[in-house]
Amino acid sequence: MEEIQFRHRLPVQIRFSDVDQYGHMNNSVYFSLYDLAKTAYLRDVFGTLVWDQLGIVVANVNADFLAPVFFTDRLEIETAVTHLGNKSFTLFQRAVDLASGIVKCQCRTVMVAYDTVAKMPVEVPASFKETVCAFEGKSLEALSGSH
């Protein structure tokens, strides 16, 4: 698998309530941070247009917890689209310690294009794919053939 180039980064703040009795960030908090970064990615890449044109739902989430995060750590969430399918796309995200560069957690999320009125998956619009490809600096062939 080729190395992922992250063109979207979002510094995040660890809150007091994010830390458990052992002094490290609770695993469930990562998903809130990844959601925050997903929203920022879509807003930064598409502006407000994506919400008017395309419903998006999460179909699958898988995370690898690699190292603990402590309250004093400074984190950044890196996000990239790594696959564009007919009705779905895959986001790969990492929580990276800014001081050390250590990847603390990584996550793959499959997002499905969804018609909120008909309540069913739909094709990912060509304009969405073109915009993602332009942002990621990759061809549609490269993003539709990799996972």
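A salt bridge is here a side-chain nitrogen of Lys or Arg within 4 Å of a carboxyl oxygen of Asp or Glu. The tour below applies that criterion to a predicted model.

**Stop 1: arginine 43 and aspartate 44**

Select arginine 43 together with aspartate 44. The two form a salt bridge, with their closest N and O atoms 3.6 Å apart. Colour both by accessibility: arginine 43 is partly exposed, with a relative accessible area of 46%, and aspartate 44 is likewise partly exposed, at 47%. A search of the whole structure finds seven salt bridges, and the next stop shows others among them.

**Stop 2: arginine 9 and its partners**

Move to arginine 9. Its side chain meets that of glutamate 76 in a salt bridge, at 3.8 Å from N to O. This pair links distant parts of the chain, since glutamate 76 belongs to strand 3 and arginine 9 to strand 1, 67 residues apart. Add glutamate 78 to the selection: its side chain and that of arginine 9 also meet in a salt bridge, at 3.4 Å from N to O. Arginine 9 lies in strand 1 and glutamate 78 in strand 3, so this pair ties together parts that are 69 residues apart in sequence.

Are these side chains buried, partly exposed or exposed? Glutamate 76 counts as buried at 14% relative accessibility, and glutamate 78 counts as buried at 6%. Arginine 9 is partly exposed, with a relative accessible area of 44%. To complete the view, select Arg94 as well: salt bridges that share partners join Arg9, Glu76, Glu78 and Arg94 into one network.

**Stop 3: strand 1 against strand 3**

Now display the backbone of residues 8-12, which make up strand 1, and of residues 75-84, which make up strand 3. The two strands pair in the antiparallel sense over five bridges. To inspect one position, select histidine 8, whose bridge partner in strand 3 is threonine 79.

Then show the side chains of strand 1. In a regular strand the side chains alternate between the two faces of the sheet. The covered face of strand 1 holds His8, Leu10 and Val12, while the uncovered face holds Arg9 and Pro11.

**Stop 4: tyrosine 30**

Select tyrosine 30, which is placed in helix 1 (residues 27-46). Tyrosine 30 counts as buried at 3% relative accessibility. Which residues surround tyrosine 30, leaving aside its neighbours within four places in sequence? Tyrosine 30 is in contact with Met25, Phe65, Ala67, Pro68, Val69, Ala95, Lys104 and Cys105. A distance monitor between the C-alpha atoms of tyrosine 30 and arginine 94 should read 9.6 Å, although these residues are 64 residues apart along the chain.

**Stop 5: a nonpolar surface patch**

Turn on the surface and select Phe31, Val58, Val61 and Phe65. Together they make a nonpolar surface patch of about 300 Å². The largest share of the patch, three residues, comes from strand 2 (residues 55-65). Valine 58 is found in strand 2, and at 47% relative accessibility valine 58 counts as partly exposed.

**Stop 6: the cysteines**

Finish with cysteine 105, one of the contacts of tyrosine 30. Cysteine 105 counts as buried, at 0% relative accessibility. Why does cysteine 105 have no bond to the closest cysteine sulfur? That sulfur, in cysteine 107, is 6.5 Å from the sulfur of cysteine 105, too far for a bond, the cut-off for a disulfide being 2.5 Å. Select cysteine 133 next: it is buried, with a relative accessible area of 10%. The structure holds zero disulfides.

Conventions:
Residues numbered from 1 in each chain as written. Predicted model: local features only at pLDDT ≥ 70, side-chain atom pairs only at ≥ 80, totals over all residues. Heavy atoms only, no water. Buried < 20%, exposed > 50% of the residue type's maximum accessible area, 1.4 Å probe, protein only. Helix = DSSP H or I, 4+ residues; strand = E, 2+ residues; numbered from the N terminus. Contact = heavy atoms within 4.5 Å. Patch = residues over 30% accessible without salt bridge, like charges linked within 9 Å, V, L, I, M, F, W, Y side chains within 5 Å. Areas by Shrake-Rupley, 256 points an atom, 1.4 Å probe, with all protein chains shown as cover. Pairing = 2+ DSSP bridges.
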